[in-house]
Amino acid sequence: MSNYHIKHLEEYYQVYRKSIREPENFWEEVAEEHFLWYKKWENVLSWDFSKPKVKWFEGAKLNITVNCIDRHLTTNGNKTAILFEPNDPNEAAEHITYRELHRRVCQFANVLKDKGVEKGDRVCIYLPMIPELAIATLACARIGAVHSVVFAGFSSTALATRINDSSCKMVITSDGSFRGSKTIDLKGIVDEALNDCDCVESVLVVKRINSSINMVDGRDEWLEPLLEEAYEDCVPEIMDAEDPLFILYTSGSTGMPKGMVHTTAGYMIYTAYTFKNVFQYKQGDIYWCTADIGWITGHSYIVYGPLANGATTVMFEGVPSYPDFGRFWDIVEKHKINQFYTAPTAIRALAKEGLELVEKYDLSSLKVLGSVGEPINEEAWHWYNDNIGKKQSPIVDTWWQTETGGIMITPIPFATPTKPTYATLPFPGIQPALMDEEGNELTENQVSGRLCIKFPWPSMARTIWGNHQRYKDTYFTAFENKYFTGDGALRDEVGYYRITGRVDDVIIVSGHNLGTAPIEDAINEHPAVAESAIVGFPHDIKGNALYGYVILKDVGEGRVHDNLRKEINQIITEHVGPIAKLDKIQFTKGLPKTRSGKIMRRILRKIACKDTKNLGDTSTLLNPEVVQEIIDNSL
Ligand code: PRX
C-alpha cells in the first residue's frame, strides 16, 4: 500500500467529511488505489438495514492472500512478514519472510486440498499462537475455505458447539501448547470435543510440544510430513467480493454463541486502511499486537490488516508474566517494536508489578501505543502514557467489536489530540449515533445514549452463520434502520466519544466478551443447582469480574459450600473455559424476579457492586422479600 497517512486534525476532518458525503466514492478510491483485483466491481454498495442486507464491491473478483502475500513478493520478498517470539525466551525468534510465508501458505493450502477441503467448506482452527495459526487461516483463504478459529483457551464443550454450528469438515490443532511454565493438552481437548461432532472428517496436528498423544486412525494426521510432500505453489481461488472469508464466534444473550460471518473484499479494504492510519505504519516498522488470533483483534490486526500493508507483524506465543512481568518490555526492546497494541487488562496487571521491570528495558523504539477490548480507566491510561510511551507516543484507544471487523472509533495518532478514557472520533466512513431509550437520535453534544451506527461500512459482519433472523433481531431491531452495538456511550462538548460499557447481558472480563447465558447454563448443569444468575462487578485488574447468585436444590445438610464453589467453577471451566470462572459465588434462597418471571439483574448488579442505597423500585417484584436477604448475605 502507498505510504500515505492522515497527518493532522484538519485533514482528518476533511477526509471524514468526504467519507460521509460520498461514501461510495470514498471507499472506491481506497479500493482502486491499493489492491489487486482479478475483476473490478459493478456496484460499490447496496444496502437495506431492514432486511438486513449489505453488499460491498459486488461483482469484484479477488483473493485476499494475493493482496496479503503475493503482491509484496517483488518489492518485499525478503522482508519479515511474521516475526514469531516463542513462549520460552531462550528459544530463538523466527523471522518468516514474505517469500517464505508464500511457500508455507501454498504448501498448507495444497494439503487442505489433498484432504478434500473445497471452496466454501468450513475448517475449524484450534491452535496456540504459533506461526501455523496464521498460516492455516491464510491457507484456507487461499483456496476459498471458510476458517473458524476457536480460541485455544475454550473448553471441549465450547469447541464442539462451535464445530457443529458451522459443520466444520476439518479441525487443525497441535499436540499441545506452551503457556508460561505450563503445557496444555490441546489434542486431548479436541478428541473430547469430537466425540460429539459427526461432521469432522479429518484432523491435522501440528507438532509443537512433542508430547505423546493419541492419533485416531483414518482421522488424524501429523501436518509436517504432509507439508514436506506438498507442492510449493498454489493457484489462488478466485473469490467474489461477498464470498465468506471466515466465521468467528462471539457471545450472545442465549447459550448459543453467534457465528459472525465476515466476507472478503470489504473486510480486506477496511482492515488494511484502518491498520495503516490507526497505527501510522511506515515501511520498516515492527508492529506488535499482543492479542490472540482466536479473537477478532488477532484476525484483523495481526493477520489481515498488517499483511495487506506488507508490514512486519509479531506473533507472541507466551503470556505477559513469564518468565516474569517484564516479558512484554523485554520483547519491545529485543525486536525494537514501533507500534504496540494491547488490552487494558494487561496494562493494569503490569502496572501492579511496579516500575522496576519497565525501567530495565529500552522502550525508545515505541511510536504508537494502542488499547482495545474494554474501556481503559484513567489510572491505567496515565500509567501507559507516562511509563511506556514516556508521554511521546500517542495512545490510540480503539473501540470496535467482533461484529464490526475493524476499528470504528479511535484517535489517529499525531492528528487527533487524545483524551484519557475517550476513544475520541469516528474513523472515516463511520457514522455513529447516540439514541435515547425511546429510539430518538440525540444529535447534540454532551449527551449519552445507546451507541448505534447509521450507515454501512465495508467490514461489517453480514450475518450470523445459519441464523439470519438472529442477526436481524440482535443488531437491527432495537433502533430502526440502525446497527445497534450493545454499548452505551457519551459524546463530549467537542464530539469525542467515550464508551461507557455494555448495556446488555454481555460482560467484558479481562477484555473477553462473555455472555451470561452460557455460564448460567453451565452452572445449572451441576446436580445441586436449581437456578443461577451472573452479573459483573468492578475488578482492579480484570476490569470486571463475575459474581454468581446460585439457588441450590434441597441438598440436605452436609454439603460444604466451599466445595460446591469449586465444583461450580470446575463445571464452568469444562463448559465454557477458565476465563469464565466466577470470582464470587453467593448461595441464596431466591432471585429477584418480575411478575413475568424475568430475573431483575439490575438489582443483583447493584448488590454485587455494593451499591445498595438506591435499588430503585422493587415493589413490582414477584418476591421483594428476597432482596434484603441477598443484601444481608452478600460477599
Ligand atoms: O463493549 C465494547 C468493548 O468490547 C466489546 C466488543 O468485544 P469483542 O467483540 O470481543 O471485540 C473486542 C475487540 C475489538 C464492545 O462492544 N470494547 C472494545 N473496545 C473498547 C471497548 N470498550 C471500551 N473501549 C474500547 N476501546
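This report describes two sheets, several helices and a few single residues of a predicted model.

**The eight-stranded sheet**

One open sheet is built from eight strands, in the order S12-S11-S8-S6-S7-S14-S15-S24, and its pairing is mixed. At its edges are strand S12 (220-222) and strand S24 (463-464), each of which pairs on one side only. Strands of a sheet pair through backbone hydrogen bonds, either parallel or antiparallel.

Strand S7 (residues 146-149) can be followed through both of its pairings. S6 and S7 run parallel and are joined by four bridges, and Ile125 stands opposite Val149 in S7. S7 also pairs with strand S14 (residues 244-250), again in the parallel sense, over two bridges. In that pairing Ser148 stands opposite Ile247 in S14.

In a regular strand the side chains alternate between the two faces of the sheet. Are the residues on the two sides of S7 buried or exposed? Val146 and Ser148 on one side and His147 and Val149 on the other are all buried, and both faces of the strand are thus covered.

Helix H6 (residues 131-143) lies across five strands of the model: strand S6 (122-125), S7, strand S8 (170-174), strand S11 (202-206) and S14. The helix runs at about 175 degrees to S6.

Ile213 belongs to the loop between S11 and S12. Leaving aside residues up to four places away in sequence, Ile213 touches Asp175, Asp185, Lys187, Val205 and Trp222. Its C-alpha atom is separated by 9.0 Å from that of Gly176, and these two residues are 37 residues apart along the chain.

**The three-stranded sheet and its helices**

A three-stranded open sheet has the order S29-S30-S31, also with mixed pairing. Strand S29 (529-539) and strand S31 (584-587) stand at the edges with a single partner strand each, so one side of each has no neighbour in the sheet. On average, neighbouring strands here are turned by 20 degrees against each other, direction ignored. S29 and strand S30 (residues 543-552) run antiparallel and are joined by 10 bridges. Within this pairing, Ile534 has Gly548 in S30 as its bridge partner.

Two helices pack on this sheet. H17 touches S29 and S30, and its direction makes about 140 degrees with that of S29. H18 touches S29, S30 and S31, and its direction makes about 125 degrees with that of S31.

The two helices also meet each other. Two packed helices are described by the angle between their axes and the distance between the axes. The axes of helix H17 (residues 516-524) and helix H18 (residues 561-575) come within 8 Å and cross at roughly 125 degrees. H17 and H18 are therefore oblique to each other. Their crossing is right-handed. Ile519, Ala522 and Ile523 of H17 make the contact with Ile568, Ile571, Ile572 and His575 of H18.

**Two further helices**

How many of the 13 residues of helix H11 (residues 296-308) are buried? The count is 13 of the 13, so H11 is largely enclosed by the rest of the structure. Just after H11 comes Gly310, which takes a positive phi of about 65 degrees.

In helix H12 (residues 327-335), the buried residues are Arg327, Phe328, Trp329, Ile331, Val332 and His335. Lys336 follows H12 and has a positive phi, near 50 degrees.

**Cysteines and a buried serine**

A disulfide is a covalent bond between the sulfur atoms of two cysteines. The structure holds zero disulfides. For Cys234, the nearest cysteine sulfur is that of Cys106, 5.4 Å away. A disulfide requires a pair of sulfur atoms within 2.5 Å, and Cys234 is in no disulfide.

Ser371 lies in strand S19 (residues 368-372). Apart from residues up to four places away in sequence, Ser371 touches Tyr341, Thr342, Pro344, Ile376, Val396, Asp397 and Thr398.

The table lists the relative accessible areas of three residues; under 20% counts as buried.

| Residue | Relative accessible area | State |
|---|---|---|
| Cys234 | 2% | buried |
| Cys452 | 0% | buried |
| Ser371 | 0% | buried |

How values were computed
Residues are numbered from 1 along each chain as its sequence is written. This is a predicted model: local features need pLDDT of at least 70, side-chain atom pairs count only at pLDDT 80 or more; totals for chains, interfaces and linings use all residues. Side-chain values use heavy atoms; hydrogens and water are left out. Buried means under 20% relative accessible area, exposed over 50%, partly exposed in between (1.4 Å probe, protein chains only). Two strands pair if DSSP finds at least two bridges between them. Contact means heavy atoms within 4.5 Å. Axes are lines fitted to C-alpha atoms, for helices over the stretch in contact, and angles run from 0 to 180 degrees between N-to-C directions. Angles under 35 degrees count as roughly parallel, over 145 as roughly antiparallel, 65 to 115 as roughly perpendicular and the rest as oblique. A crossing is left-handed if the near helix is turned anticlockwise from the far one by less than a right angle, and right-handed if clockwise.
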